[in-house]
Amino acid sequence: MESELDYWSARALLEWQVELGATEAMMDAPIDRFGLEDQKPKAARAADAPPPPVKPKTIDPVAEATKAAQGADALPSLRAAMEAFEHCDLKRGARNLVFCDGQAGARVMIIGEAPGRDEDLQGKPFVGRAGQLLDKMLAAIDLSRDQNVYITNVLPWRPPQNRDPLPAEIAMLVPFLERHVALAQPDVLVLMGNISCQAVLGKRGITRLRGQWEQAWGKPVIPMFHPAYLLRQSHAKRQAWADLLELRARLNSLN
Ligand code: URA
């Protein structure tokens with residue numbers, strides 16, 4: 001049997017609840033909030049959910065290098081772009097960036113492989129034993145880095161223990177090399193050894209390639225034996241001499 005609450009009883013009940021600590025009037029019946037989760041609006045549930053794991057962004061070092069190289073409009077800014085390039089691990093093991101030596105704007109641009117110990121210490125290409133032989137080879141055809149030759153390497157950082165550069169390392173440094181050639185504007189490129197043939201011509205086989213003119217990046221290109229190879233294999237100096245004469249003849253004909 002239902003009996004209606006009279007005013008005084010209802011008031012007494014309310015005062016009793018206030019004494020017990022009730023501070024707000026909410027609902028007639030209790031709410032099971034654990035059972036409510038599925039009825040929450042979708043947006044509210046999504047907001048409560050833990051954030052999805054962040055996918056690491058994959059970086060394409062060749063694309064990054066291409067962007068950085070294209071942004072350089074002169075040799076000093078190209079050098080700065082290479083200094084700022086963080087995607088080649090060789091940088092972390094090297095003392096110095098080896099960018100260039102000789103005369104920017106010279107007719108002959110020589111592209112070597114990578115700095116060795118002496119080059120890493122001095123920050124200049126071809127300053128060790130191979131470099132001394134290179135200077136003698138150039139002098140024999142009336143060229144010198146003080147006057148009419150510009151020199152760089154495929155890799156600006158020394159590989160650990162002078163190991164061969166990895167294909168991925170070459171690939172990410174080629175955009176800088178190509179820009180280097182475009183900004184230095186030589187008449188001809190001389191590729192010293194297999195690594196520079198790989199970088200510029202996309203192929204190896206220096207014994208077959210040497211002494212033969214090819215075209216790359218809009219320039220005549222001649223591959224030659226690397227001076228470090230000539231230090232070990234002096235019988236190959238005869239062929240190197242023939243290639244130097246070929247270079248001299250080409251320069252004379254372009255005069
Ligand atoms: N060998 C190279 O190819 N480059 C240098 O700078 C030194 C040695």
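This briefing walks through the main pocket and the salt bridges of the structure above. The model is a predicted one. Its largest pocket has a volume of about 730 Å³, and the count of salt bridges comes to 12. Three of the topics below each follow one bridge between parts set apart in the sequence, so you can trace them in the viewer as you read.

**The largest pocket**

- The lining of the largest pocket is made up of 29 residues.
- Glu-113, His-226, Ala-228, Tyr-229 and Arg-232 are the lining residues that lie nearest the pocket's centre.
- Five helices each supply at least two residues of the lining: α6 (117-122), α7 (129-140), α9 (194-201), α10 (206-209) and α11 (227-232).
- The biggest share comes from α11, which gives four residues.
- Sorted by class, the lining holds 12 nonpolar, eight polar and nine charged residues.

**Asp-101 and Arg-145**

- A salt bridge joins Asp-101 to Arg-145, with 2.9 Å between the closest N and O atoms.
- This pair links distant parts of the chain, 44 residues apart: Asp-101 sits in strand β1 (residues 101-102), and Arg-145 in the loop between α7 and β3 (149-153).
- Asp-101 counts as buried because its relative accessibility is 16%, which falls under the 20% cut-off.
- Arg-145 also counts as buried, at 9% relative accessibility.

**Arg-107 and Asp-187**

- Arg-107 and Asp-187 meet through their side chains in a salt bridge of 2.8 Å, N to O.
- Arg-107 belongs to the loop between β1 and β2 (108-112) and Asp-187 to the loop between α8 (167-184) and β4 (188-192), so the bridge ties together parts that are 80 residues apart in sequence.
- Both partners count as partly exposed, Arg-107 at 26% relative accessibility and Asp-187 at 32%.

**Arg-210 and Asp-243**

- Arg-210 pairs with Asp-243 in a salt bridge whose closest N and O atoms are 2.8 Å apart.
- Distant parts of the chain are linked here too: Arg-210 is in the loop between α10 and β5 (214-216), while Asp-243 is in helix α12 (residues 237-254), 33 residues apart.
- Arg-210 counts as buried at 14% relative accessibility, and Asp-243 counts as buried at 3%.

**A salt-bridge network**

- Glu-86, Asp-89, Lys-91 and Arg-92 are linked to one another in a network of salt bridges.
- As background, side chains of opposite charge can pair when their charged atoms come close.

Methods: Residues numbered from 1 in each chain as written. Predicted model: local features only at pLDDT ≥ 70, side-chain atom pairs only at ≥ 80, totals over all residues. Heavy atoms only, no water. 1 Å grid on protein atoms, 1.4 Å probe; cavity = no way out; pocket = protein on both sides within 12 Å on 5 of 7 lines; lining within 4 Å. Points joined across faces, edges and corners; volume = space filled by probe spheres on them. Nonpolar A, V, L, I, M, F, W, Y, C, P; charged D, E, K, R; others polar. Salt bridge = Lys/Arg side-chain N within 4 Å of Asp/Glu carboxyl O. Buried < 20%, exposed > 50% of the residue type's maximum accessible area, 1.4 Å probe, protein only.
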